[in-house]
Amino acid sequence: MRKVLGMGNALVDILTRLEDESVLNKFSLPKGSMQLVDSVMANEVEKATQIFERSQASGGSAANTIHGLANLGIITGFLGKVGRDHWGDFFRRDMESKNIITKLLESGNESGRALALITPDSERTFATFLGAAVELSAEDIPGDLFNGYAIFHVEGYLVQNRKLIEEALKMAKEAGCLISLDLASFNVVEENREFLHHVTAKYVDILFANEEEAKAFTLAPDEDSTISHMAGLCDIVILKKGVNGSIIRNNNSVVKVDVVKANSIDTTGAGDLYAAGFLYGYIHGLSLDKCGKIGAFMAARVIEAIGPKMDDKTWELIKKEIEKIKMN
């Protein structure tokens with residue numbers, strides 16, 4: 001079995017269901033975006049939303065993808081940084097409960113938290129306090145980190161630390177890993193377009209992006225131009241189109257994958273679980289069409305739950321559906 005290593009911001013997701021968009025407006029948080037905030041604002045947002053229904057889970061884009069793969073039986077690892085606090089303890093326990101090999105460095109500062117604010121239309125907006133997560137540095141990467149791993153999956157949010165992400169990608173490539181990158185958020189892409197182009201062209205094999213991220217990444221005028229632009233930088237491109245399904249391109253081969261119907265209540269983790277499903281199929285040598293179908297099915301199921309995690313009953317359903325997809 002090919003092993004997958006993830007690297008990303010180790011965050012605890014605090015998931016809150018809002019009654020309307022007033023909280024977003026109050027704190028000037030563009031709906032659907034990920035905004036970095038300091039500890040003061042994070043605490044203010046927490047306080048302003050404490051009257052609403054909430055839950056928590058280990059989070060961060062790459063961690064969610066690794067969690068999904070682990071639930072499907074893939075041997076996985078995760079590199080990140082947390083604080084010596086109850087948030088950091090929670091993150092570690094939640095990951096290790098799924099047998100994920102955690103390589104978590106510790107800091108004297110607070111662990112990072114992602115305040116996921118879910119509006120009635122199921123869209124989620126993040127106010128993210130990176131805390132200790134952002135302290136992960138290139139010097140923290142163990143020399144033997146990539147030994148035994150076939151795929152290295154990275155989240156685009158890490159471009160806030162360019163030295164870290166480039167050194168990690170370089171080391172992974174030298175170790176023979178296939179590189180998977182999820183662009184993560186349109187505003188992050190806008191602010192780091194040139195750097196993301198550089199690392200994608202130099203290191204990345206599989207690129208995941210939704211429509212807004214892809215548009216920000218390429219500045220192309222239409223969908224065909226967008227996909228062609230991205231396909232010129234790496235081997236496999238996955239454009240996630242929400243309710244309109246997804247498009248996968250490998251060289252000149254283009255596959256369109258239909259969306260799987262779902263009763264959406266929270267889109268948190270949809271892209272991360274799509275990536276987990278696609279990578280699972282890829283690891284098992286399935287066609288790009290089947291990889292996309294598995295990704296779409298996992299995305300559909302996670303948006304029927306609050307947060308990026310699903311219960312055991314849902315995972316059993318997913319595993320049965322995957323077997324059907326494999327056989328067809």
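This tour moves through a predicted model, stopping at a pair of helices and then at two buried residues.

Begin by selecting residues 288–302, which form helix α11, together with residues 312–327, which form helix α12. Two packed helices are described by the angle between their axes and the distance between the axes. Here the axes of α11 and α12 come within 10 Å, and they cross at roughly 160°. Because angles over 145 degrees count as roughly antiparallel, α11 and α12 are roughly antiparallel to each other. If you turn the view to look through the pair, the crossing of α11 and α12 is right-handed.

Next, show the side chains where these helices meet. On the α11 side, select K290, K293, I294, F297, M298 and R301; on the α12 side, the residues they meet are T314, W315, L317, I318, E321, I322, I325 and K326. Sorted by class, this contact of α11 with α12 has 8 nonpolar, 1 polar and 5 charged residues.

Now move to helix α8, residues 211–218, and select T218. Its relative accessibility is 9%, and T218 therefore counts as buried, the cut-off being under 20%. Leaving aside residues up to four places away in sequence, T218 touches T226, H229 and M230, which can be added to the selection.

Finally, go to helix α2, residues 39–48, where E46 is found. Is E46 buried or exposed? With a relative accessibility of 16%, E46 counts as buried. Once residues up to four places away in sequence are set aside, the residues that E46 touches are I14, R54, R113 and L115.

How values were computed
Residues numbered from 1 in each chain as written. Predicted model: local features only at pLDDT ≥ 70, side-chain atom pairs only at ≥ 80, totals over all residues. Heavy atoms only, no water. Axes fitted to C-alpha atoms, helices over the stretch in contact; angles between N-to-C directions. Helix = DSSP H or I, 4+ residues; strand = E, 2+ residues; numbered from the N terminus. Parallel < 35°, antiparallel > 145°, perpendicular 65-115°, else oblique. Left-handed = near helix turned anticlockwise from the far one by under 90°. Contact = heavy atoms within 4.5 Å. Nonpolar A, V, L, I, M, F, W, Y, C, P; charged D, E, K, R; others polar. Buried < 20%, exposed > 50% of the residue type's maximum accessible area, 1.4 Å probe, protein only.
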